[in-house]
Amino acid sequence: MKTNDVILQTVTKITLFIIILFSIHLFFAGHYYPGGGFIGGLMTSGAIVLLLLAYDMKTVANILPIDYKYMIGVGLLFSVGTGAGALLFDAPFLTHAHSHVLLPLLGDTALHTAVLFDTGVYLVVIGVTMTIIQTIGEDE
Amino acid sequence: MSLLHIAIISPFLLAILVPIFYKLFKQVHTGWFVLPLPILLFSYFISYISNVSHNRITTESISWIPSLGVDFIAKVDGLGLLFALLITGIGSLVVLYSIYYLGKDKEQLNTFYVYLLLFMGAMLGVVLSENLIVLYMFWEFTSFSSFLLIGYWYHREKSRYGAQKSMIITVFGGLSMLGGIILLYLMTGTFNISEIAAQSSEILNHSLFIPALLCILLGAFTKSAQFPFHIWLPDAMEAPTPVSAYLHSATMVKAGIYLVARLSPVFAESGVWLWLVAGFGIITLFWGSFSAVKQTDLKGILAFSTVSQLGMIMSLLGIGAAALHYPSIDDSFYTVATTAAVFHLINHATFKGSLFMVVGIVDHETGTRDIRRLGGLMSFMPITFTLALIGTFSMAGLPPFNGFLSKEMFFTGMVRVLEMDIFNLETWGLLFPILAWVASVFTFIYSMRLVFKTFTGKYQPEQMKKKPHEAPLGMLIPPIILASLVIIFGLFPNILSHHLIAPVMASILPSLLNDSKEFVVHISFWHGPTIELFMTLGVIAIGVVLYTTFPKWKSMYDLHPEKLTLNRFYDRGLDLVQNGSFKLTKTYMNGFIRTYLVYIFTFFILIIGASLFMKDAFVVKTNNLAPIGLYEVVLALLIVVASITILFAKSRLTSIILLGAVGYIVALFFVLFRAPDLALTQLVIESVSVSLFLLCFYHLPKLKREESRIGFKLTNALISVGVGVVVTLVALSSHSNKLFESISQYYIENTYEKAAGKNMVNVILVDFRGFDTMFEICVLAIAALGIFAMIKLRLTRRKEG
């Protein structure tokens, strides 16, 4: 008998975006409130895991055609690149800079290179969790 | 770099070229290319004689490691020159002999001459080095090259056994000698022998003096095959005969003698030195000659004979040290022992070298060395027989050969021990002449057996592999030269005394030579009807009687059971060490991780616990404790209950769930102690790990999936309780011992000021200490790729299909 997961799938469709929004919030709020790249990344991958539970692996691979191993590499590049960028300005490795910038849409915004570093962390955490779960899941 | 240095290292340089000669000139025996070098060196060292006989010492120095006080200083004095002449002179003869002994089609000549040249250079280095570290380097070179030469026919098992045995014993002694050298350096601050000797009276009462003496003597005794380390020498007879003649009779085994003589100025004042050197020497002399009689292999007889003669020289050097304690009496009276040692050193090299070559000829021409198969060769090999006769009669101490003179002087030295009144010599000293006399009787017997059992008696052609005939002339020249030296030194001993023996004695006993005096050495052939002469007559008389009745008392040797021999002891010891270490390793390295964990935790408890109490580090202070709230108590109770339940849970599923519970309670603790970031992370990570545990649980193999409690083991319980207690004690005392204020105030003040953030934890993670975070994400990346690789790359499964 074929199971019908229509309730689960529908609920997933709604909650998925809420979880992703929450994780993005956690990520961006990290510098001022509890949160940050690590927990944000875990939350995002939690959302993808929910998708995996509701649908099968192939469907998720169609929806999100991402090789998570590359994501790990990109994340590491972000972090290391942020650190190495400081060298261009004759500052020690991993020196961060921050300032308030007037952006066209967002108005007065505080920008901080630590966010770029945290983006690296975020991407690596998603990549790592998803690689592990996918690899174990695909294993027979 | 002076000419002297070039002379010392020239054999090493030639050794590089030997394989080239071997490859390029196949039709010429490689030995001819080697032969000129030792002859050249010999004539070079001859030119030093006039210098040395006027007590002029040549010293040349190149710096090697000046910061450690190690320089390659070459020094030619009497002692060094005597050895250098022996090495190069007998070296030339041995090379000539080996050209005829080793066929150029059958043998690997290139390796043979490379090893031989390595040995020659190393030996020259040993005897001409002033610096002890350089001496030690060359010393080990001799051990290695000797190892290679003994194992020259490496396809024979006995060669390999003999090579290994000599290596183990001599390197053991060599290392102990290195220890002695370092102790000497600690006492004197220099590695140079003459500088050490200059301080000898100051270090005499130093606490390291006796250990240094023992270490050095251990090195000398193992190298020179003294009792009980002589056992390697008979097994080294598996080497080709030129090697036995060169290394194991004339040169390498005398390296220990050289060391004792060279360091006599440093140690000889001490009574321990006299007793050890003389005592071990005389025991070796007796034991070597006693064992030589029962040998049936010609080289076996010669090996034990070498052991015994080395013991004789050693004991003479020991007794010679007594002369230092009688400065007032006419010094020629007590120095006779040292003179005898030096003289016999030369004599032994001549007659033993020629005897080995003779034995090699017999082996080469008949195919056997077994004394029971040989006999009646006199008419086939008249020249060889004459040479053997000269050699053995000299060895037995018969006139008119040089062995007679040195044996007389040996008796004189031993008899004079009776007149000494130092170091208890008046009570136990009587043993020296008695043992010396008995040993000489045995020496006489084996010498006669060696020559008469081989060359006279019944000729047994069926026992021999080849039809015996006289050796080629080239093979006979070296022993002829040596045998004629035996006669020349026997008839005209004083050609040596002024030019060679006196300077050598000046090197051994320098402190007796004040006011530019010189040793006057005069060896007289006829010294009147003294007690020594009667001792020699007694040796001959008793020896002849015992030799003729040998078959009757031969069974005496069977009284000594095979089980108690030193060889058996060595073999057993080696076995014991190997099996013992194997068994020991097998007991504690049993392959179970649980056992290793027991070791690790036991050591943890012992080391941390002991240092906690031995350093009085355990303190409990209650003044800076925070008040305990109700929530903390409740959570603590919960976590304790959960942890204990894990231990007694029957099903693994329960354990996993309980572990999850512990994790969530920890998250609650984080909430309670105001760590929101930690709480968030802990919650998510705990969920992930619990699901991974469940995954593992689900895939357990069905066969072994029994549901059972953890078995109770007292050791495990004790160790886990111990670890818990130790960690708790450490935590309590470290909390009570806060030495500094925390640096967290800086972060509180500067999180917004400098880093423009309000979440201090995150700012520390990405900004203040972002470097750590960078590598932690690297750790995560490696873990993910590791899991991916482990699961995807299953090479064995792919192979199986």
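In this predicted model, residue B:T59 has B:K75 as its bridge partner in strand β2(B). The two residues belong to a pairing in which strand β1 (residues 58-65) of chain B runs antiparallel to strand β2 (residues 70-76) of chain B, with seven bridges between the strands. β1(B) and β2(B) together make a hairpin in which four residues lie between the strands, and in the turn B:G69 has a positive phi of about 75°. For a reader who follows such strands by eye, it helps to know that in a regular strand the side chains alternate between the two faces of the sheet.

The residue B:K75 also takes part in a contact of another kind, for it forms a salt bridge with B:E130, where the closest N and O atoms are 3.2 Å apart. This pair links distant parts of the chain, since B:K75 is in strand β2 of chain B while B:E130 is in the loop between α6 (109-128) and α7 (132-150) of chain B, 55 residues apart. Are these two partners buried or exposed? B:E130 has a relative accessible area of 5%, which means that it counts as buried, and B:K75, with a relative accessible area of 12%, is buried because this value is under 20%.

Another salt bridge involves B:D77, whose partner is B:R262, with the closest N and O atoms 2.8 Å apart. B:D77 lies in the loop between β2 and α5 (78-101) of chain B, and B:R262 lies in helix α14 (residues 255-267) of chain B, so the pair ties together parts that are 185 residues apart in sequence. Both B:D77 and B:R262 are buried.

A salt bridge can also be found between B:R769 and B:D772, whose side chains meet at 3.3 Å, N to O. Here B:R769 has a relative accessibility of 46% and counts as partly exposed, and B:D772, at 36%, counts as partly exposed. Elsewhere in chain B, salt bridges that share partners join B:D297, B:D363 and B:R369 into one network. Over all chains, the count comes to nine salt bridges.

Chain A has a hairpin as well, formed by β1(A) and β2(A) with three residues between them. In this hairpin, strand β1 (residues 98-103) of chain A pairs with strand β2 (residues 107-112) of chain A in the antiparallel sense over six bridges, and A:H98 stands opposite A:H112 in β2(A). In the loop between α4 and β1 of chain A one finds A:L94, which has a positive phi of about 70° although it is not a glycine. The relative accessibility of A:L94 is 7%, so this residue counts as buried.

Chain B offers a further example of this backbone feature in B:R674, which is not a glycine and yet has a positive phi of about 60°. B:R674 lies in the loop between α29 (652-672) and α30 (676-698) of chain B, and its relative accessibility of 76% means that it counts as exposed. Another backbone detail is the peptide bond from B:F227 to B:P228, which is cis, with omega near 0°; B:P228 has its place in the loop between α11 (209-223) and α12 (232-235) of chain B.

Helix α32 (residues 744-755) of chain B contains B:T751, a buried residue with a relative accessible area of 5%. What does the side chain of B:T751 reach? It reaches the backbone oxygen of B:Y747, at 2.4 Å. Leaving aside residues up to four places away in sequence, B:T751 touches several others, including B:A756, B:M760 and B:F768.

The last step is to see how the two chains meet. The contact takes 35 residues from chain A and 35 residues from chain B, and the area buried between them is about 3100 Å², of which carbon and sulfur atoms give 75%. Between chain A and chain B, 10 residue pairs are in polar contact. On the side of chain A that touches chain B, the elements giving two or more residues are α2 (37-54), α4 (68-88) and α5 (113-138) of chain A, and the largest share, 12 residues, comes from α5(A). The residues of this side divide into 21 nonpolar, 10 polar and four charged. Across the interface there is one salt bridge, in which the side chains of B:K792 and A:E138 meet at 2.9 Å, N to O.

Key: Residues are numbered from 1 along each chain as its sequence is written. Chains are lettered from A and ligands numbered from 1 in the order in which they are written. This is a predicted model: local features need pLDDT of at least 70, side-chain atom pairs count only at pLDDT 80 or more; totals for chains, interfaces and linings use all residues. Side-chain values use heavy atoms; hydrogens and water are left out. Contact means heavy atoms within 4.5 Å. Buried area is the accessible area (1.4 Å probe) that two parts lose on being put together, summed over both. A salt bridge is a side-chain nitrogen of Lys or Arg within 4 Å of a carboxyl oxygen of Asp or Glu. A polar contact is a pair of N or O atoms within 3.5 Å; within protein, one must be able to donate a hydrogen and the other to accept it, and residues adjacent in sequence count only if both atoms are side-chain atoms. Ala, Val, Leu, Ile, Met, Phe, Trp, Tyr, Cys and Pro count as nonpolar, Asp, Glu, Lys and Arg as charged, and the others, Gly among them, as polar. Two strands pair if DSSP finds at least two bridges between them. Buried means under 20% relative accessible area, exposed over 50%, partly exposed in between (1.4 Å probe, protein chains only).
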